[in-house]
Every structure is written in structure tokens, then in C-alpha cells.
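Trainee: Could you take me through one part of this model in detail? I would like to see how a single helix fits in with the pieces around it.

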Amino acid sequence: MIDFYTFNFPDGHQVAIMLEELGMPYKSHMVDLSKGENFSPEFEKISPNHTIPAILDNEGPEGKPVRVFESGAILLYLAQKSGRFLGINPISSLEMSQWLMLVLSGLAPFAREFLLRNQVGPHEEMKSTGRELSSLQSKIVRHVSALDFRLREYPYLAKSYSIADMSGISWIQALQHHGCISVDDYVGVRNWYNRMKSRQPVRQGLELLERG
Ligand SMILES: N[C@@H](CCC(=O)N[C@@H](CS)C(=O)NCC(=O)O)C(=O)O
């Protein structure tokens, strides 16, 4: 059983999609960021930087419990544990890691900032001016255009479906939902978005999951 610490935000959704895809038993724990629950001493032991997502795998390596924080580390841990969604051969695996990094270290920081400053996140005080938002938006557009360039040629970022797609869809979905981008402006992204949304585990992972 995996304990999954999350909140209704794309950082958590990407891991939720992976857990749904794998069908591994897990239990979600909502960490209410708006109430500062991420700063509790208990959560600090699981996520030292006080961020969601994080997991506690009660059956980790050598059968011992292990905590994993940082969404990229969690996705890679689960992919390695299951042997799935890493890319189907060494070349596609290398593609997967490049696109995963582009999403996590390129798109995600700008997208997270946009969502928080557009007041959709837990920190009300972070609301920004239109000018600041449009500067973030131009950086987001640049990254989405890079994804689009790739997805005009291939159905998935690593050619075959991988954790890079799970990470990407979480941010693209949120950016589309909050009016930062329209997937209709990017034919490759739009077709991939529809392909991804046709998968039930993706749809389930994108919902706020609260399971007892
Ligand atoms: N690099 C981290 C970033 C995670 C992150 O920033 N999560 C936000 C989601 S809103 C968070 O937990 N923020 C709480 C805080 O910083 O106080 C990851 O990919 O897991």
C-alpha cells in the first residue's frame, strides 16, 4: 500500500495519474496547503521541503517502507518499480527523460507561478498584476510550443506513452482550464490532449481524489 500525500494541484495530479495507471493500491491524504498543513512536523518527515506531492511506499526496496518526495523522483521511482512507462527502448527512454525534465524544470515552474498568481492556488496573497501574468504566459507559450513541435510528429512525447506525458497533461490541463492557453492553438498538443483524456486513468488522476 502506498500513502499518497497530495492537494488539488497539477503537481499532485501527475502522480495520481501514474498510480491510477499502475492500479497499485494507494490511499490519498489531502494536505491542505491553504491551512499550512504542509508545515506540520509529521509531513516534514515525508517531504522536507514541505511540498506536495510525496509518497510513502510501505513496501519499498527490500520490503521496507520508503518515502519519496519531488514529483519527478516519485514518477521515476514508480516507473522503475513497475517497469512501466519509462519508454520502450533505450532511445525512447532517453527521449522520455528529456521531455520529463523539460516539463518539470521548464514548463512547471512558470505554470505553477501563473496558477498561484492567477489566484487558483492556496496562497491568496500571491495574486499578481496582468503584466506579470502576461510575462509568465509568454514563457509558458514557449514551452507549450516545444511540446507541440514534438507532438505534431509523434503521438506521445517519448513516441510511446510514458511518465513524461502524465506530467505534461497535468500542467496543460490546468493551464487550459484557467485560460492561460487554448490547446486549440496547438494542433499537436490538442490531438495529444484528446488522446490522453480518452484514457480513464488519466481522467481519474486529474480529478481531486479523496479516498479513505
Ligand atoms: N519541485 C517540486 C515542486 C512541488 C511544489 O512546488 N508543490 C507546491 C504545490 S502548490 C507546494 O506544495 N507548495 C507548498 C509550499 O511551497 O508551501 C515537485 O515537482 O514536486
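Mentor: Happy to; here is a close look at helix 3 and its surroundings.

Please keep in mind that the model is predicted. Helix 3 covers residues 71–82, and its length is a good place to start. With 12 residues at 1.5 Å a residue, the helix should span 16 Å, and its end C-alpha atoms are indeed 16 Å apart, so the expected and computed spans agree. Just after the helix comes Gly-83, which has a positive phi, near 70°.

Now look at which side chains of helix 3 face inward. Its buried residues are Ser-71, Ile-74, Leu-75, Leu-78 and Ala-79. Viewed down the helix axis, these buried residues fall within an arc of 125°, so they line one face of helix 3. The spacing fits a familiar rule: an α-helix has 3.6 residues a turn, so residues three or four places apart point the same way.

What does that face pack against? The buried residues of helix 3 pack against helix 1, strand 3 (54–57), strand 4, helix 4 (90–117) and helix 6 (163–177). Let us take some of these partners in turn.

Strand 4 (66–69) is an edge strand, as is strand 2 (26–30), and each of them pairs on one side only. They belong to an open sheet of 4 strands with the order 2-1-3-4 and mixed pairing. On average, neighbouring strands of this sheet are turned by 20° against each other, direction ignored. Within the sheet, strand 1 (residues 2–6) and strand 2 run parallel and are joined by 5 bridges. Thr-6 stands opposite Met-30 in strand 2.

Helix 1 (residues 10–22), another partner of helix 3, lies across strand 1 and strand 2 and runs at about 155° to strand 1.

The remaining partners, helix 4 and helix 6, bring us to the domain level. The domain assignment divides the protein chain into domain 1 (2–85) and domain 2 (90–201), and the C-alpha centres of the two domains lie 21 Å apart. Their contact takes 15 residues from domain 1 and 13 residues from domain 2. On the side of domain 1 that touches domain 2, helix 1 and helix 3 each supply at least two residues. The largest share of that side, 7 residues, comes from helix 1.

To put the picture together, helix 3 has its buried residues along one face, packs with them against helix 1, strand 3, strand 4, helix 4 and helix 6, and also supplies at least two residues to the side of domain 1 that touches domain 2.

Terms used:
Residues are numbered from 1 along each chain as its sequence is written. This is a predicted model: local features need pLDDT of at least 70, side-chain atom pairs count only at pLDDT 80 or more; totals for chains, interfaces and linings use all residues. Two strands pair if DSSP finds at least two bridges between them. Axes are lines fitted to C-alpha atoms, for helices over the stretch in contact, and angles run from 0 to 180 degrees between N-to-C directions. Two residues are in contact if their C-beta atoms, placed from the backbone, lie within 7 Å. The expected span of a helix is 1.5 Å times one less than its number of residues. A residue is buried if 20 or more other C-beta atoms lie within 10 Å of its own, exposed if 12 or fewer, and partly exposed in between; C-beta atoms are placed from the backbone. The arc is that of the directions from the helix axis to the C-beta atoms. Domain bounds come from an automatic or database domain assignment.
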